[in-house]
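Biologist: Before we begin, please have the sequence and the coordinates open. I should like to go through selected local features with you.

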Amino acid sequence: MLNMKKVVRLYASAAAVALVLSPAIVRAQEKAIEGAAPEADHGVAEIIVTAQKRQQSAQDVGITMSVVSGDTLTQQNVTTPSDLVTLIPNLQANFGAGQIAFNMRGIGMNEFSANFDSPIAVNVDEVYLSKNFMSNLVLFDIDRVEALKGPQGTLFGRNSTGGTVNFYTRRPTDELQLGGTIGYGNYQTVRGEGYVSGPLGGGFSARLSGMFVDQNKGWYRNLVRGDTEGFERKWALRGQLAWEGASTTALLTVNYGRDTGENPSIEGVGVVTPASFAAGMPVFCQPFIDGTVGPGDSGCVRGTDGQYPGDTNPFTSTTNTRHQKRHSGFGASLRVEQDFGSTLLTSLTSYQDYTRQQKEDSDGSPTDQQDIHFYNTIKQFTQELRLSSNKAGIWNWVVGGYYEHDDYNNGDYLVMGGGALPGIWSPFEQKVDALALFFHNDIAVTDSFSIIAGVRYSKEWIGIRGGTDLAVGLQGPHDQPSAVIVPLSIANDDKVYDSSIFKLGVQWKPRIDSAFVDKLMLYANVSTGFRSGAYNAEFATAQEAFTSLSPETITAYEAGFKSLLANRTLQVNGSVFHNAFKDGFINVDSAFSPIPITINAANINAYGVELETLWQPSDTFSINLAGGWLDSKIISDITINGESLKGNRTVQSPEWTFSGGASYSVPVGDRMKLVFSGDASWRSSQFFETTNSPTSHERPYWLVNGRISLNGPDDRWSLAVWGKNLTKTEYRTYENDLAQFGFLINIYGLPRTYGASLSFKF
């Protein structure tokens, strides 16, 4: 039920903040901000975004969004998509089993299965990546990252009920440019990135960029084998060819990469008493019941081998199987734009082919008990065609269509006893055809007041063939079973879903009669979202476990402000929101599956506040602060294994998040400078499971990073030293309570890392 008291209180808070920031508001002049005096060339730099599929200043877009520039990614040493959580309020990342799943404003996923699409859509240059394991090789040569909060389905395609994280790469240039970075860090890590870009003649230009990581010593010390594990080893290339004619432009992008490193090691913590294990009648130990169990509790042993890790250091392991990865990804896209003067026709065609193959020692023990061999492939084709108004005017519009075809294959195998005992194999194929039509409008009612309205109709066909088998043996390059004993469930089904969603918003840009307020925009939106239905098919050991999920829907309310203050040296943006989900996807335990299954019986309410500030009083100093408050809970009365989930917090939804950073440069000699920068982030406690069990509770923690660089003339080169997680914080990024198997899984974030790098550009 909608809590009107909370909504009124949140919206009143936003109004109060806006009034405090602009006490001199006495009138709204009928004159557009764009028509005012030219902006000063100092203070906070303007960032151009394409959040509404046309170029606009981020401060002119009436939605809550966080924008991180490529220079900021470099300065704060962001090397993986999961690092973004330290920069963006109310954003979390679940990193487990080789998948990165974002959680935004309390909405996300911690799915074990790879066939699910996340409600937080990931796009690279407007190309949608449907599976969570597809984003591991994209973060290099990046121009900016735009995190759009709340439903974005009107313009940004499928499955964006919670928001989108959009990566935009740097484009070919009209002048010859060359640059790169080479660095060395602890754990014998060599990391490099480079690019060359320039004209080819005849209207053509090109860009070739790439990255590699070669780590020879893992983050984890293996106590069984006497070596280290968990190293990074990957590379990727991206080639772009652009052509510009009189009224036509085209951009062809081709990328390929491989990840042959290792996933973080698993800590398999015991949950049963030694005596009960020895007697063959397992009984939970008291520390597990209390939620205080750790790897050093000798009174709690694994129900698989009767052992316990025996070491409280999270960066030691007792596994006998390496967590190897053999991921590879290929992608190609063609963007063609035809300028008709008053309108612009855009065609975006894409093909993506990604393979995920990896091993996991699930119980974390030194013997062959339970291992999972993952093998997933996705072949994805997308086509978007849209026509839009070409120049800012009274009516700005976008109309278009979108088509996607996914061909996903699953071959995950739960191996028992190294293949000597019967295990569980889930070979199935899932196909999706998705079609959508959309129409988005921005209507300037007056010079300072606009109405935003959009609608999208989607129809999707999803089918699944295959099933789950009891199988034995281990063979072949993809680690498949050698024989099937008996089918356990059969996946043979087709569904059709359709939905109409909308967005309605207002934007007001008053002219402020104030020496302090340079620019102000107030906005409010109501929007709906649609996440496609899905199948729960992974390791469905009984037909009852193979289920279909209805679409997840959301109605979202948002109000906020964006402002430039103090002679454009201070930027303050804030928002309040309320999200009401129906049929939300959540993970629960099941008697018919060895892993948690996904159901969509949950209605979820989320309320929150976000505030971001950037103060840049000079070219040599800047400081940014961001924070968020979130109350996200299940409100439907769902009972799982006799336990009600009503009132529980959604997974990875800390009540408070905070991040801050600063940069200060000092001249050295005539043309060089020293740049000192650092950032810190904090999040309050959170849960990894919808049961909110004590073992899934993660305590509050800080992450602190720093960097010092010596920059040459015009920043043509720089020599930097850096450190991440300087306080050596121990925190989990993933938890899975597998008490029915006799253990629980913990995966931790990286330890302290540090190093030096040399960058150059010509």
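The exchange below takes up selected residues, strands and a disulfide in turn.

Modeller: This is a predicted model, in which local features need pLDDT of at least 70 and side-chain atom pairs count only at pLDDT 80 or more, while totals for chains, interfaces and linings use all residues. Residues are numbered from 1 along each chain as its sequence is written, and side-chain values use heavy atoms, with hydrogens and water left out.

Biologist: Is Arg105 buried or exposed?

Modeller: Arg105 is found in the loop between strand E5 (99-104) and strand E6 (120-124). Strands (E, at least two residues) and helices (H or I, at least four) are DSSP runs, numbered from the N terminus. Buried means under 20% relative accessible area, exposed over 50%, and partly exposed in between, with a 1.4 Å probe and protein chains only. The relative accessibility of Arg105 is 2%, so the residue counts as buried.

Biologist: Which residue, besides Glu558, has a side chain joined to that of Arg105 by a polar contact of 3.2 Å?

Modeller: A polar contact is a pair of N or O atoms within 3.5 Å; within protein, one must be able to donate a hydrogen and the other to accept it, and residues adjacent in sequence count only if both atoms are side-chain atoms. Contact in general means heavy atoms within 4.5 Å, and beyond its neighbours within four places in sequence Arg105 has such partners including Thr64, Asn90, Lys149, Phe577 and Leu630. The side chains of Arg105 and Glu558 are joined by a polar contact of 3.2 Å. A polar contact of 3.2 Å also joins the side chain of Arg105 to that of Glu610.

Biologist: How many disulfides are counted?

Modeller: A disulfide is a pair of cysteine sulfur atoms within 2.5 Å. The sulfur atoms of Cys285 and Cys300 are 2.0 Å apart and form a disulfide. By this rule the count is 1.

Biologist: What is the torsion about the S-S bond of Cys285 and Cys300?

Modeller: Cys285 lies in the loop between helix H3 (274-278) and helix H4 (286-290), and Cys300 in the loop between H4 and E18, so the disulfide links distant parts of the chain, 15 residues apart. Cys285 is buried at a relative accessible area of 1%, and Cys300 is buried at 1%. The disulfide is right-handed, because its S-S torsion is about 115°.

Biologist: What is the pairing of the open sheet E14-E13-E18?

Modeller: Two strands pair if DSSP finds at least two bridges between them. Strand E13 (residues 220-222) and E14 pair in the antiparallel sense over 2 bridges, with Tyr220 opposite Glu229 in E14. The edge strands, each pairing on one side only, are strand E14 (228-229) and strand E18 (316-317). For the open sheet of 3 strands, the pairing is mixed.

Biologist: Which residue takes a positive phi in the hairpin of E39 and E40?

Modeller: E39 and E40 pair in the antiparallel sense over 6 bridges, and Leu710 stands opposite Leu719 in E40. The hairpin has 5 residues between the strands. At a relative accessible area of 60%, one of the residues in the loop between strand E39 (701-711) and strand E40 (717-724) is exposed. The residue with a positive phi near 55° is Asp714.

Biologist: In E43, which residue is the bridge partner of Ser718?

Modeller: E40 and strand E43 (residues 753-761) pair in the antiparallel sense over 8 bridges. In E43, the bridge partner of Ser718 is Ser759.

Biologist: What is the phi of Asn567?

Modeller: Asn567 lies in the loop between strand E29 (552-565) and strand E30 (570-588). Its relative accessibility is 44%, so Asn567 counts as partly exposed. Although Asn567 is not a glycine, its phi is positive, at about 60°.

Biologist: What distance separates the C-alpha atoms of Gln307 and Glu337?

Modeller: Gln307 is found in the loop between H4 and E18, and counts as partly exposed because its relative accessibility is 36%. Beyond its neighbours within four places in sequence, Gln307 is in contact with Val301, Arg302 and Pro366. Gln307 and Glu337 are 30 residues apart along the chain, and their C-alpha atoms are separated by 63 Å.

Biologist: How far apart in space are Phe340 and Thr248, C-alpha to C-alpha?

Modeller: Phe340 lies in the loop between strand E19 (327-339) and strand E20 (343-361). At 51% relative accessibility, Phe340 counts as exposed. Phe340 and Thr248 are 92 residues apart in sequence, and their C-alpha separation in space is 9.2 Å.
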